[in-house]
Each structure stands twice: as structure tokens, then as C-alpha cells.
Protein chains: 2
Amino acid sequence: MATTGRLNESILLDTLMNYLVSMARTVESAMNRALDAIVSLDNPRSAALPGEVFLLEPRINEMEIVIDEHAIRLLRQGSFPEDELRLIVAALKLNNDLERIGDLAVNLAERVVSLREMPGAQMPEELAPMASAVRAMVSQSLGALIFRNVEMATTVLESDDVVDQYRDRIFEAQLRRMTKEPDAVSPGLQFVLATRHLERIADHATNIAEDIIFWVRGLDVRHGRLGGLRPEQAVPITTAEANITQNSQASHPNVTPAGNTDIVIFT
Amino acid sequence: MATTGRLNESILLDTLMNYLVSMARTVESAMNRALDAIVSLDNPRSAALPGEVFLLEPRINEMEIVIDEHAIRLLRQGSFPEDELRLIVAALKLNNDLERIGDLAVNLAERVVSLREMPGAQMPEELAPMASAVRAMVSQSLGALIFRNVEMATTVLESDDVVDQYRDRIFEAQLRRMTKEPDAVSPGLQFVLATRHLERIADHATNIAEDIIFWVRGLDVRHGRLGGLRPEQAVPITTAEANITQNSQASHPNVTPAGNTDIVIFT
């Protein structure tokens with residue numbers, strides 16, 4: 001009976017993974033349509049893209065609920081080996097980040113709809129390279145998910161700053177233009193909001209990469225923990241844990257070297 | 001031995017709940033400081049508030065990690081009664097939404113720092129009432145968490161539209177002013193971004209309310225499922241489930257009346 005139970009659990013885990021990959025592909029497809037739409041505002045051929053993004057949203061929302069329900073059904077079955085438990089917890093988190101990328105694709109598509117009604121709108125020069133950087137981050141984070149690949153995930157963590165720099169440069173350029181030309185105010189606001197959506201998509205790609213590192217390696221790398229992790233370094237878990245404690249101590253001198261943060265933080 | 005195990009689990013669950021409440025109070029305190037700061041830009045007494053928000057952020061980040069680790073430690077112990085399992089899963093989600101409200105408080109504080117360097121900045125008339133509406137939503141959602149109160153959670157779900165309307169009206173007013181007065185462009189951009197941060201705080205308060213309904217009632221009310229749930233209605237779960245299926249069918253005609261969405265959605 002115990003063997004049958006494990007077999008059953010193994011099938012349910014495979015199903016969870018398949019659901020996640022299917023959700024990831026749908027979200028990526030919605031996001032790519034939104035990115036194509038924002039960088040080709042003048043192209044009549046891309047006029048249908050925002051509508052396609054809107055149509056994908058309810059499907060993504062339903063997928064999110066099904067994945068959550070499936071993960072909870074798995075947890076109900078009882079105790080799991082450590083790596084399988086981490087997969088289930090990571091699935092709950094990945095699911096959430098994927099759904100939010102889907103939401104942000106909708107937000108981007110809304111910006112496109114507004115901008116297409118402003119014929120004089122001049123696209124910021126750096127918007128296309130920013131969109132490419134975001135597209136690459138999402139593609140790598142989903143590749144890391146499909147191939148359980150920590151190196152790909154680590155590459156994503158390193159790209160986040162580039163996207164923030166694009167956001168700041170586009171903001172400054174739009175601010176200058178809007179101050180000089182009243183006609184640039186309306187499209188400028190839409191472009192500034194669009195760069196915020198792009199930045200947040202990149203943030204969620206970063207979260208996905210962090211969740212994959214947690215799942216595969218058992219390490220929590222959020223909030224700058226393990227800032228020094230690089231793909232070429234095969235960090236043994238013991239060293240990594242030492243780094244975590246060091247990092248925590250930098251911002252919280254009261255954290256004990258043994259990592260007993262609970263008592264210190266919750267006072 | 002089994003009794004000792006249950007006692008131990010019960011203590012660990014109480015600890016999880018205490019951690020969450022402590023995190024919620026810290027996040028609310030950061031957010032209230034950020035809201036006070038944005039509605040009192042001209043007041044020299046509130047100049048220190050953004051710095052206080054920045055100081056709380058690393059503490060909130062550490063709390064998030066400790067709560068996640070504690071929830072995973074609990075899941076490792078094995079099988080739980082249904083309501084306790086739902087609490088642990090809800091804790092993982094609540095934790096995430098709380099941390100993001102903390103991030104958004106930091107974003108708001110950044111807007112305040114920029115705006116305080118623009119002495120002519122004229123605050124949008126509706127910003128203070130919008131901030132009050134957001135403050136009330138967060139306060140109610142955290143009240144719902146502390147008192148496990150579904151009625152309070154349902155009130156939060158009903159307030160989200162009001163915040164979106166404030167956002168749209170402030171956007172229109174700022175757009176008009178920025179088009180007429182070049183000096184209004186720089187502060188106007190900051191105010192538009194600030195309303196987006198406020199809107200997203202309200203979204204996370206809504207998520208928190210939905211998670212509490214899931215935890216206490218076992219119902220998933222995300223994405224407009226159970227649109228008709230009202231505090232005065234004591235919805236028995238069977239009726240609620242019927243509504244879920246109806247709602248799903250509205251957007252997905254292929255979903256079977258028995259609610260077997262898995263096969264239909266993941267194709």
C-alpha cells in the first residue's frame with residue numbers, strides 16, 4: 001500500500017510540474033504579445049495584439065486556481081521528502097508570480113490601447129531595448145523552471161539592475177520632453193507607466209529565479225541574501241548558510257551567529 | 001507520543017499566527033508612516049517619516065523569510081487537519097502580500113522624498129481621501145486576519161472599486177494640469193506614480209482579504225469567483241460551490257458543471 005501511495009504522489013507531482021510549465025508558457029505568450037504590441041505602435045499588423053492579451057487573462061486566472069488547488073491537494077496527502085516538499089511550496093509561489101506577469105501583460109496592453117489613440121506619440125528610444133531585456137529575463141526564468149537549472153536562474157538575478165537603469169533613463173528623457181512640449185504629456189505619461197509595468201515584470205522574473213534556487217538548492221536568496229552567488233561558483237550549502245548569517249548580521253547586528261533570528265526580529 | 005506531537009504542532013501553529021500578526025503590525029506601521037508623509041508634504045514635522053519607512057524595510061524582509069521558514073518547517077511535520085493546512089498555506093500567501101505592502105510603502109516614501117524637493121508641488125485634491133480609503137482597507141484586512149473575521153474581509157473586497165475611481169480621477173486632473181503648466185509636469189509625474197502605489201496597496205489588501213476567506217471558510221474567491229458574496233449572507237459552502245461553477249462557466253463555457261476545469265484549461 002505504501003508503494004502505491006508513493007507512486008500516486010509521484011504522478012501528482014509530475015502533474016503539478018506539467019501544470020506549472022503549461023501556465024508558464026501561456027503567461028510568456030501573453031507577455032510576448034504585449035511586448036510586441038508596445039514596440040510596434042505604428043504597425044497596423046499588431047493592432048490585434050492587445051485584444052489577444054485580454055483574452056488570455058481569464059485562462060491564466062483559472063490556471064492559477066487549479067494549480068493552487070492541486071498543490072494543496074498534494075500537501076493534504078501528508079509527509080514528503082524534503083525536495084518534493086520544496087517543489088510544492090515553490091509551486092505555490094511560482095504560480096503567484098506567473099499570474100502577476102499575466103496581469104502586467106494586461107496593464108501593458110491597456111497602455112498600448114491608449115497610445116494607439118494618440119497618433120503623434122513618439123516612442124522613447126530605449127523602450128525597445130528595455131522590452132528585449134525584460135523578454136530575455138522572463139524567457140531565462142521560465143527556462144530555469146522547465147530545466148530546473150540554477151545557473152539560468154542566477155543569470156536572471158544579475159539582469160535586474162539593467163532593467164532599472166532603462167526605467168530611470170526613459171523617465172528622465174520623458175520628463176524633459178513633457179516639460180518642453182505639452183503635446184508630449186499625454187503619451188509621456190503612458191510611456192512612463194509602461195516602463196513601470198516592464199520593471200515589475202522583471203521583478204517577478206527575479207522572484208521566479210529565486211524560487212527555483214530555493215526549490216533546487218534549498219537556499220533562500222531573497223532580499224540580497226547570498227549576494228555573491230555566481231553561476232561559476234558551486235556553492236556548498238554549508239558555505240551558503242554561513243553567508244546568510246553574515247548578510248543578516250549586516251542589516252541586523254542583533255541576529256545571533258547561529259542564525260536564530262526569530263526571537264530577535266519578532267519583539 | 002501522538003498527543004505530544006499534536007501539542008507541539010499546536011504550539012508551532014500559534015507561533016505562526018503570532019509571527020503573522022507581528023509582521024502585519026510592522027507593515028501597517030510602515031504604510032501609515034508613508035501615507036502620513038504623502039498627505040503632509042508641506043509639514044516640517046513629517047520630514048522624518050520617509051527615513052523611518054526605509055528603516056523598517058529590512059526588518060520586514062527578515063520577518064518574511066522567518067515566517068516562510070516556519071511555515072515550511074510545519075509542513076515538514078506531516079499531515080494536518082484541513083483547517084490547519086489551510087492556515088499554513090494562507091500564511092505563505094499573506095506573508096507575501098504583507099511584504100509587498102512594505103515595499104510599496106518604501107516606493108511611496110521615495111515619491112515623498114522627490115516631492116519635498118519641489119517646493120511648488122500642489123497636492124491633488126483627492127489624494128488625501130484616496131490615502132484614507134487605502135488606510136481603511138489595510139486596517140480592515142489586518143483586523144480580519146487578527147480576528148479571523150470573514151465579514152471584515154468581505155468589506156475589504158467591496159472597497160477596491162472606490163480606490164480605482166480615485167486613481168482615475170486624480171490621473172485625469174493631473175494630466176490636464178501638466179498639459180497646461182510645464183512646472184506641474186515634474187510633481188505631476190510623482191503624484192501619478194504615488195496613486196499607482198496606493199492602488200497596488202489596496203490590491204494587496206484585497207488579496208489578504210481573499211486569503212482570509214479561503215483560510216476560514218475554505219472558499220477561493222479570487223478573480224471574481226463568488227462575486228455575490230455579501231457580509232449579510234451566511235453562504236453555505238454548497239451554494240458557494242454552485243456559484244463558483246457558474247462564474248467559471250461565464251468566462252469558460254467549456255468548464256463542466258461538475259467543476260472539472262483541469263482537463264479543459266490545460267490543453
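Which backbone oxygen lies 3.0 Å from a polar atom of the side chain of Ser46(B)? It belongs to Asn43(B). Keep in mind that this is a predicted model, so every value here is computed from it.

**Around Ser46(B)**

Ser46(B) sits in the loop that runs between α1 (2-39) and α2 (49-76) of chain B. With a relative accessibility of 5%, Ser46(B) counts as buried, because the cut-off for that is under 20%. Leaving aside residues up to four places away in sequence, Ser46(B) touches Ser40(B) and Arg116(B).

**Chain A at a glance**

Chain A is built from eight helices and zero strands, so its pattern along the sequence reads α-α-α-α-α-α-α-α. Of its 267 residues, 55% are buried. Take the contacts in chain A with a separation of 6 or more: 78% of them join residues 24 or more positions apart.

Helix α4 of chain A (residues 127-147) has 21 residues and spans 30 Å from first C-alpha to last, close to the 30 Å expected at 1.5 Å a residue. Plenty of α4(A) is tucked away: among its buried residues are Leu127(A), Met130(A), Val134(A), Met137(A), Leu142(A) and Leu145(A). Gly143(A) and Ser141(A) are buried there too. Just past the end of α4(A), Arg148(A) adopts a positive phi of about 50°.

**Salt bridges**

Over all chains, the structure holds 20 salt bridges. Here are four of them, with the N to O distance for each.

| Pair | N to O distance |
|---|---|
| Arg86(A) and Glu82(A) | 3.5 Å |
| Glu52(B) and Arg33(B) | 2.6 Å |
| Glu199(B) and Arg167(B) | 2.6 Å |
| Asp97(A) and Arg100(B) | 3.3 Å |

The Arg86(A) and Glu82(A) pair stays inside helix α3 (residues 82-116) of chain A, with the partners four residues apart, or about one turn of the helix. Arg86(A) is buried, at 12% relative accessible area, whereas Glu82(A) is partly exposed at 31%.

Glu52(B) and Arg33(B) form a salt bridge that links distant parts of the chain, from helix α2 to helix α1 of chain B, 19 residues apart. Both ends are partly exposed: Glu52(B) has a relative accessible area of 30% and Arg33(B) comes in at 28%.

Glu199(B) and Arg167(B) also meet in a salt bridge. Glu199(B) is in helix α6 and Arg167(B) in helix α5 of chain B, so the pair ties together parts 32 residues apart in sequence. Both residues are buried, Glu199(B) with a relative accessible area of 13%. Beyond Arg167(B), and not counting residues up to four places away in sequence, Glu199(B) touches Met130(B), Val163(B) and Asp164(B). Over in chain A, Asp164(A), Arg167(A), Asp168(A) and Glu199(A) are linked in a network of salt bridges.

**Where the chains meet**

At the interface, 58 residues of chain B are in contact with 58 residues of chain A. About 5,300 Å² is buried between the two, and carbon and sulfur atoms give 60% of that. Glu62(B), His223(B) and Phe266(B) supply 13% of the area that chain B buries against chain A, more than any other three residues.

The bridge between Asp97(A) and Arg100(B) crosses from one chain to the other. Across this interface there are six salt bridges and eight residue pairs in polar contact. On the chain B side, the elements that give two or more residues are α1, α2, α3 (82-116), α5 (150-180), α6 (185-217), α7 (237-251) and α8 (261-265). The largest share, 15 residues, comes from α2(B). By type, the residues on that side divide into 23 nonpolar, 16 polar and 19 charged.

Terms used: Residues are numbered from 1 along each chain as its sequence is written. Chains are lettered from A and ligands numbered from 1 in the order in which they are written. This is a predicted model: local features need pLDDT of at least 70, side-chain atom pairs count only at pLDDT 80 or more; totals for chains, interfaces and linings use all residues. Side-chain values use heavy atoms; hydrogens and water are left out. Buried means under 20% relative accessible area, exposed over 50%, partly exposed in between (1.4 Å probe, protein chains only). A polar contact is a pair of N or O atoms within 3.5 Å; within protein, one must be able to donate a hydrogen and the other to accept it, and residues adjacent in sequence count only if both atoms are side-chain atoms. Contact means heavy atoms within 4.5 Å. Buried area is the accessible area (1.4 Å probe) that two parts lose on being put together, summed over both. A salt bridge is a side-chain nitrogen of Lys or Arg within 4 Å of a carboxyl oxygen of Asp or Glu. Ala, Val, Leu, Ile, Met, Phe, Trp, Tyr, Cys and Pro count as nonpolar, Asp, Glu, Lys and Arg as charged, and the others, Gly among them, as polar. The expected span of a helix is 1.5 Å times one less than its number of residues.
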